[in-house]
Amino acid sequence: MTRPQLLIGLMTGTSLDGVDAVLVDLAGAQPRLIAAQGSPLPEALRRDLLTLQAPAPNEIDLAWQAGNALADCYVDAVAALLAKAGVAASDVTAIGNHGQTIRHRPERGYTIQLGNNARLAERSGISVIGDFRSRDVAAGGQGAPLVPAFHEAIFADARRHRVIVNIGGIANLTDLPRSGDITGFDTGPGNVLMDLWIHRHRGAAYDAGGAWAASGKILDDLLAELLREPYLALPAPKSTGRDLFHANWLAARLTGRTDRIEDVMATLTTYTARTIADAVKATAPGVDDIFICGGGAHNPTLLAALARDLPGVSIASTAALGVDPDWVEAIAFAWLAERFIQRAAGNVPAVTGAAGSRTLGALWPA
Ligand SMILES: Nc1ncnc2c1ncn2[C@@H]1O[C@H](COP(=O)(O)OP(=O)(O)O)[C@@H](O)[C@H]1O
Ligand SMILES: [Mg+2]
């Protein structure tokens, strides 16, 4: 039996729904998930991180204070994860930590993920590999999406043309043809607009099971207006975030309208599905199967809209491929940490637009 190669992946995505922590064994051909831990973020920290995603005066102190608080959440998540798995910190090779994106400006040459990695290494006693996106941006890339290399390594199939769609706050796809070059990009909003709307009108974090959206009618004129967003028509490589799809983006498109709020919810859900479906049709017209991961996999109303827009394509969750859809992204960052340790490429230049393959990340030794 080969010795286990234990890594931890930490992911806090655009949705700000919490910390995803996974412990994986990467010794074999396929990652083996040993334990997973979802920890909510304290509401005050969540608010600060949301504030930091929109430019404002004196962000520096707030950012570094939030980074420390976030590092402490990561420390707690790692401790809970290891306790759950019955594994000692000293048996873990490294933590791959995505951090929390608060600004993503590849066109200006930077992308910022918060979370004090020095503090995380100090307090967890485990080496941390973080700041995965900066090197790709320095090489002229978008720094995103970074999961396609991982999707290719574990989901590609020589007999089936697959597309992996991750529906987090933002949605991104990876096109895995039977042979030839893979591609991938952010398609646009994932859950972010739906979350904004239900939070504003119902105080809920998200539309559980897509039930509220299912109670409304799709507003065709609003849908058409939302589809005019120029980002959708841009050629890849491209990436986006809350910098674009934020509350004011939505407000600007709703001014002067007097719609029923559940109809807007239905329309935002359909819009999210349509932007994903259009991206699939344009990029992967010959697709056989679509596999969904991320929190959007739990929204049947969204998935039904996607299926309507992509007749004849089989749509399932990555669970059908043996990987729980909730943990794909966190596992990907454990995998990227392992790539860093091997000094192997983590980016796919055809996906990010970087000048070439690069080892991604930086090391904070234990
Ligand atoms: N049961 C559910 N019903 C509907 N939507 C859900 C459900 N569970 C999670 N989600 C959606 O998934 C989001 C979190 O997805 P996630 O993949 O963690 O995104 P991120 O990577 O941006 O953190 C939530 O904000 C919510 O919109
Ligand atoms: Mg999340």
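## Cis peptide bonds

Pro-237 sits in the loop that joins α8 (220–227) to α9 (247–254), and in this predicted model the peptide bond leading into it from Ala-236 is cis, with omega near 0°. A second cis peptide bond runs from Ala-144 to Pro-145, where omega is near -15°; Pro-145 belongs to the loop between α4 (134–138) and α5 (148–155).

Most peptide bonds are trans, and most residues other than glycine have a negative phi. The cis bonds that precede Pro-237 and Pro-145 can be read against that background, as can the backbone angles described next.

## Residues with positive phi

Asn-58, a residue other than glycine, has a positive phi near 35°. Asn-58 is placed in the loop between α1 (43–52) and α2 (59–85), and because its relative accessibility is 58%, over the 50% cut-off, Asn-58 counts as exposed.

Asp-131 likewise has a positive phi, in this case near 50°, and is located in the loop that links β7 (128–130) with α4. With a relative accessible area of 31%, Asp-131 is classed as partly exposed.

## Two domains

The domain assignment divides the chain into domain 1, made of 6–143 + 327–364, and domain 2, which covers 148–321. Taken over C-alpha atoms, the centres of domain 1 and domain 2 are 23 Å apart, and the contact between them involves 22 residues from domain 1 and 22 residues from domain 2.

## The ligand and its shell

Ligand 1 is surrounded by 18 residues, and the closest of these are Ser-15, Gly-169, Asp-195, Gly-209 and Gly-295. Both domains take part in this shell, since at least three of its residues come from each of domain 1 (6–143 + 327–364) and domain 2 (148–321). Sorted by class, the shell holds three nonpolar, twelve polar and three charged residues.

Several protein atoms lie within a few ångströms of ligand oxygens. A backbone N or O atom of Ser-15 is 2.8 Å from an oxygen atom of ligand 1, and a backbone N or O atom of Thr-14 is found 3.0 Å from an oxygen atom of the ligand. For Asp-17 the approach is through the side chain, with a polar side-chain atom lying 3.0 Å from an oxygen atom of ligand 1. Taken alone, ligand 1 exposes 580 Å², of which the protein buries 87%.

## Buried polar side chains

Asn-347 lies in the loop between α12 (328–341) and α13 (349–352), and because its relative accessibility is 5%, under the 20% cut-off, Asn-347 counts as buried. The side chain of Asn-347 makes a polar contact of 2.9 Å with the side chain of Asp-136, and the side chain of Asn-347 also reaches the backbone oxygen of Gly-356 at 3.0 Å. Once residues up to four places away in sequence are set aside, Asn-347 touches Asp-136, Thr-352, Ala-354, Gly-356, Ser-357, Arg-358 and Leu-360.

Asp-309 belongs to helix α11 (residues 300–309) and, with a relative accessibility of 13%, is likewise counted as buried. The side chain of Asp-309 forms a polar contact with the side chain of Arg-274 at 2.9 Å. Apart from neighbours within four places in sequence, Asp-309 is in contact with Ala-273, Arg-274, Ala-277 and Lys-281.

Terms used: Residues are numbered from 1 along each chain as its sequence is written. Chains are lettered from A and ligands numbered from 1 in the order in which they are written. This is a predicted model: local features need pLDDT of at least 70, side-chain atom pairs count only at pLDDT 80 or more; totals for chains, interfaces and linings use all residues. Side-chain values use heavy atoms; hydrogens and water are left out. A residue is near a molecule or strand if one of its heavy atoms lies within 4 Å of it. A polar contact is a pair of N or O atoms within 3.5 Å; within protein, one must be able to donate a hydrogen and the other to accept it, and residues adjacent in sequence count only if both atoms are side-chain atoms. Accessible areas come from the Shrake-Rupley method with a 1.4 Å probe; for residues, only the protein chains shown count as cover. Ala, Val, Leu, Ile, Met, Phe, Trp, Tyr, Cys and Pro count as nonpolar, Asp, Glu, Lys and Arg as charged, and the others, Gly among them, as polar. Domain bounds come from an automatic or database domain assignment. Helices (H or I, at least four residues) and strands (E, at least two) are DSSP runs, numbered from the N terminus. Buried means under 20% relative accessible area, exposed over 50%, partly exposed in between (1.4 Å probe, protein chains only). Contact means heavy atoms within 4.5 Å.
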